[in-house]
Each structure stands twice: as C-alpha cells, then as structure tokens.
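Subject: Structure for your review

Dear colleague,

Please find below the sequence and structure that I am handing over to you. A summary of the findings follows.

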Amino acid sequence: MDNRSIIKQLKLQAALMELHDENSFKIRGFNNAVFNLDKVEVELATLSQQELEGLEGVGKSIATTIYEIVQKGASQALEDYFESTPQGIIELLDMKGIGPKKIKVLWKELGIESGHELKEAANSGLVANLKGFGEKTQQKIIEALEFKEANANKLHYAEAELLAEVLMEELSGLKNIGDVAPTGALRRKMEVIEVVELLVAADDFDKAEEEINALEGFEQDVKASGPIKWVGLLAEHATPICLIFSTPEKFVQNQLLYSGSVAHLATTVAEKQTIRELVQTKEFDTEEGFYKAIGLDYIAPELREGFFEIEAAKNQKLPKLVEMEDLKGILHNHSTYSDGKHSLEQMATYCKELGYEYLGMCDHSKSAFYANGLDEDRIIKQHKEIDELNEKLAPFKIFKGIESDILYDGQLDYADDVLESFDFIVASVHSQLNMNEKKATERLLAAIENPYTTILGHPTGRLLLRREGYPIDHKAVIDHCAKHNVVIEINANPWRLDLDWRWVHYAIEQGVQLSINPDAHEMDGYHHMKFGLLTGRKGGLTAEMTFNALPLAEIEKHFVQKKSQVKANA
Ligand SMILES: [Zn+2]
Ligand SMILES: [Zn+2]
C-alpha cells in the first residue's frame, strides 16, 4: 500500500472521529500526524510499528493505526466507524466547505443520510433553520452538492490520459483490432474529461466487440452501445469509456469527425460548406492533406475548438505552438523550507538533471502559516543556501523567489525591504476565496500594481472537479498585467491548469507573457510541466510568449529590469 492511500484513510478516520465527537485532543493529534506524514519520503508500509512511532507527530496509537492499515487494508477503528455511519454520510464528508461537525447536525437533527436527502432538505429551506446554519450556509450546501453531482465520474486530463493508456495497451494486443488512438475531448486535451473516447480500427466490428467483451474488467453497457461503438466501464474506474469502431480505410476521416469540437466542425469554410461536410466529400490520406485540400493550414487537434483557429488557418496566421524542448527553466516550486517534500538541494539537482538551465524557488510566504511559510529569518537562511548551491551547480542557477500571499486587500505580505531581497515574486491568493467578482478582481489588480510582483500565480484558485475558482474579470486582470509588465502563470498542476486555456489567446493578444509553472511540491512534480504545456498550446501559446522559454541570461535580465522599475518609480 502506498503512502497516499494510507494518508487518505487517516484523513477519513480523523473526519469520522470528529463526526462521532471523539476527544478533540486526539483529533488534533491525528491531523497533525497527517500533515507530517504527507512529507515523509520512506514507504510507510515498510516500517515496523516501532519505526512508525519514531516519525514526527506519530505517537503510539497512530503508529498502531498505520500498522493495521498496512496489514489488514483498514484500521479496526475505521471498520467500526463504517459499521456505525451511513454510507451517504461518509460520502458527504468530502464535500468542500462543510465540515464533519455540521454534517453531524444534519444527520442527527434532520435524519439526513445521503446527498440526495440533503439537497431536498436544503431546497425546502429546512437546513437554514438549523442552529449555526442560516441562509448563506444553506445556499453553499446546495451549490456544493450541485457541483459534486455535475462532476461525478469525470476525470481531469492527466488521469484520463492514464486511463486511456491502460485501455490502449489492452486493446492493442487483440487480433481483430488495428490502430487505436485517443479521440474526442481527450484528443483535444480538454482539462476535464467526461467520457474517455478512443477510435478503434477494425474490419469486423462484431468480432472486435466480442474480443473486447472477453477482456478482463471490460464491462459493456449494452444499452448505450451501438453498431459502431462499444460503451462501458473498465473495472474500478467510474468514468464512461466509448470505443468508436472505424474501418482502417476511414480511420483518418473518422478521426477528423470525432476529434473536432461541434463548433469546429460546424464552421463554414470553402465552397460554403462546413468542415463536417467537407470531411465527408473531399479526398485525402492524412489530416494535413485534408486541411490543405480545403485551403487551410494544418490545425493541431488541441486547437480544433471553433475558437480562433479557422480564421487563423485561412490567413496563414496559426501560431507555432510551444514545445517541451522550448522550456528552459522551471519557476514556482516548493521545498522543505515550506510545505514541499524534498530539500532545496534535491529540487535543484533534479531540475538540473532534467536538463533545465534554472530553477525558481518559491516557497510559501509568512501568512501561509498552515504551509510553514517563511518568516524573515528563514528567508535569509534560504538565500544563503541558494548562494552556496549556485556556486556548486553553476552554470545552473537557482533564482530566489517566493510565493507571496496576496492579502485580502491586495497587499503582499512582506515589507518592501524584504520583497527587495528576492530575484522575483509570484503573487498568489490562498485565503478568503469566497469574495465576489468585484472584490476578488480589485484584490488581484492591487497585487498586479505592486512593483515587486513578477508573476501572478494561479489566477482563479480553482481546483478542477473539486472547487470552482473565485470569480474574476479576466479581461481586467489580463489588461492590468499588460500595463504593469506582469507575467501570468499557467499553473501546470493537473488539478489547476489555471490560467484557463480559454484566456491564453487573449493574454497573448495583449502582449502578456505566460509562465508554465508546475508549482512542484516534490521532485516528481516537475513532470506536471507537460500538462501546463498542453494548456498553453490549447490556447495558442508560442515559445516567444512563454516566459520560461527564455534562456537563463534573458530571464535574469527580465528580473533585474522589473526590479529596477521599482527604484525608478520610487
Ligand atoms: Zn499557490
Ligand atoms: Zn505554490
């Protein structure tokens, strides 16, 4: 069992303890242990009970719990809670914005045992009347439930890609199946995937279907399937799968038809025909050949949204999309100085090993106390260590950055002389996420105006499938970044992908550069760069407009120039 699964169980157990009114001291101990275990590098499953007890924040009882989880798959306490708690209540525990204490009141006072019942009660106004709830909380519950319903069984892109790889591996071994390729939203690299769609080449669809049904774990939904598609699930995965059959001869044609968005396919081009009609009437062997035949430059699959790509392709104005090789450094990363898992040296060494020229270290700032944010003394300590490492790792360079919290009024959370000590600053919102659009936008505008702000971090704070971002006026924010020479982050964490790709094109038009930042909290986090890259490409991002495609000397120049503006304006 991996650490993540163990920690997930511990978190659930802590929530259930709260739900069942356990001693608050004990609960705090549990949460504290979880916080520390998140950063532990050794495999918990390999440790003895005694070794577990030696870990920071882990006492005898938690060590026993972990040991039980590893040995039996679940702790005895958790099993007992499962017995005494309705399944629906356990599911409600991971709803955002409403804690175990409130869920307990709903359960005990209103007899609610499922999300469905809770929604009914909230819609009828019963929840607002409970002590400690009120109209506002009731509304929040309704929204959270609707959000959860709307997102059930969906995956963010990175997870969908993994599932697709498993499927392709299984299918590629079959006798009656030829090429298999992602199609639909998956091929367009949409940030959230509802159905994992693959195009499957076969001469005989019935035989192919039979063979698929014989595969272990493939469960067909016969009703939803049809003569040219297999719909169903793969064991343990809740996301629907759609395998679309195509003869090998029509594979390219079908790929165009199934991977283009509705808007793309419905756009009228040459001879007053839509792309959909032209795909069905033109002769071509490849996708490149098709676009050429209708007088357009080749449009990459991720751009086929009916957004700006067709006009651009007509006028030979399609952007040359940024590639992985264009990226020269990795900005916005965390180390053990704040809430990261690996040390500064480990993060730097690995970044260099991956072939990058520089690393931007941006641990959390002092207001982020929950993430062990850096006070002024520890900043000095970190800067000293960076200087030493830079000597050792040259010509590779670590830039001294910080992810400075944007306070409720848009101020950054250090005094100017401290801000001055950094090479660059990523300014991000981490608290009071429930502002309305006007307030949230004003807050960002103020942070953008701060002359020390180099990059605006994850602009909306969204967590895909988990939490909507705070509402902002994207145009106003982007325009302000253009005016104040601030770069906007595309946070590459698969849960964020924020700035959203739909705003990348507008940002570029305003001359705002974008920085693809993994926000890595461990060495492996660097590999998320890929998903930020896909987000950028989907919005039409070029290497020229990608901030971290700048080579070391150039980005250093940018940092120095930006800081010199502070003095010039003082
Ligand atoms: Zn952040
Ligand atoms: Zn961060």
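**Findings**

By class, the lining of the second largest pocket comprises 7 nonpolar, 4 polar and 7 charged residues (Ala, Val, Leu, Ile, Met, Phe, Trp, Tyr, Cys and Pro count as nonpolar, Asp, Glu, Lys and Arg as charged, and the others, Gly among them, as polar). The model is a predicted one: local features need pLDDT of at least 70, side-chain atom pairs count only at pLDDT 80 or more, and totals for chains, interfaces and linings use all residues. Residues are numbered from 1 along each chain as its sequence is written, chains are lettered from A and ligands numbered from 1 in the order in which they are written, and side-chain values use heavy atoms, with hydrogens and water left out.

The same pocket is lined by 18 residues, and its volume is about 330 Å³. A pocket here is an open set of points on a 1 Å grid over the protein atoms alone, where a 1.4 Å probe fits, with protein on both sides within 12 Å along at least five of seven lines; lining residues have an atom within 4 Å of a point. The volume is the space filled by probe spheres set on the points, which are joined across faces, edges and corners. Nearest the pocket centre lie Phe 147, Arg 462, Leu 464, Glu 468 and Gly 469. Helix 9 (residues 134-151) supplies the largest share of the lining, 3 residues; helices (H or I, at least four residues) and strands (E, at least two) are DSSP runs, numbered from the N terminus.

Turning to the metals, the zinc ion (ligand 1) has as protein donors Glu 403 (OE), His 430 (NE2) and His 458 (NE2), lying 2.1 to 2.2 Å from it. Donors are N, O and S atoms within 2.8 Å of the metal (3.2 Å for Na, K and Ca); water is not among the atoms, so sites may look incomplete.

The zinc ion (ligand 2) has the protein donors His 332 (NE2), His 334 (NE2), Glu 403 (OE) and Asp 519 (OD), also lying 2.1 to 2.2 Å from it. The two zinc ions are 3.4 Å apart, and Glu 403 coordinates both. Glu 403 is buried, with a relative accessible area of 0% (buried means under 20%, exposed over 50%, partly exposed in between, with a 1.4 Å probe and protein chains only). His 332 is likewise buried at 0%, as is His 334 at 0%.

Yours sincerely
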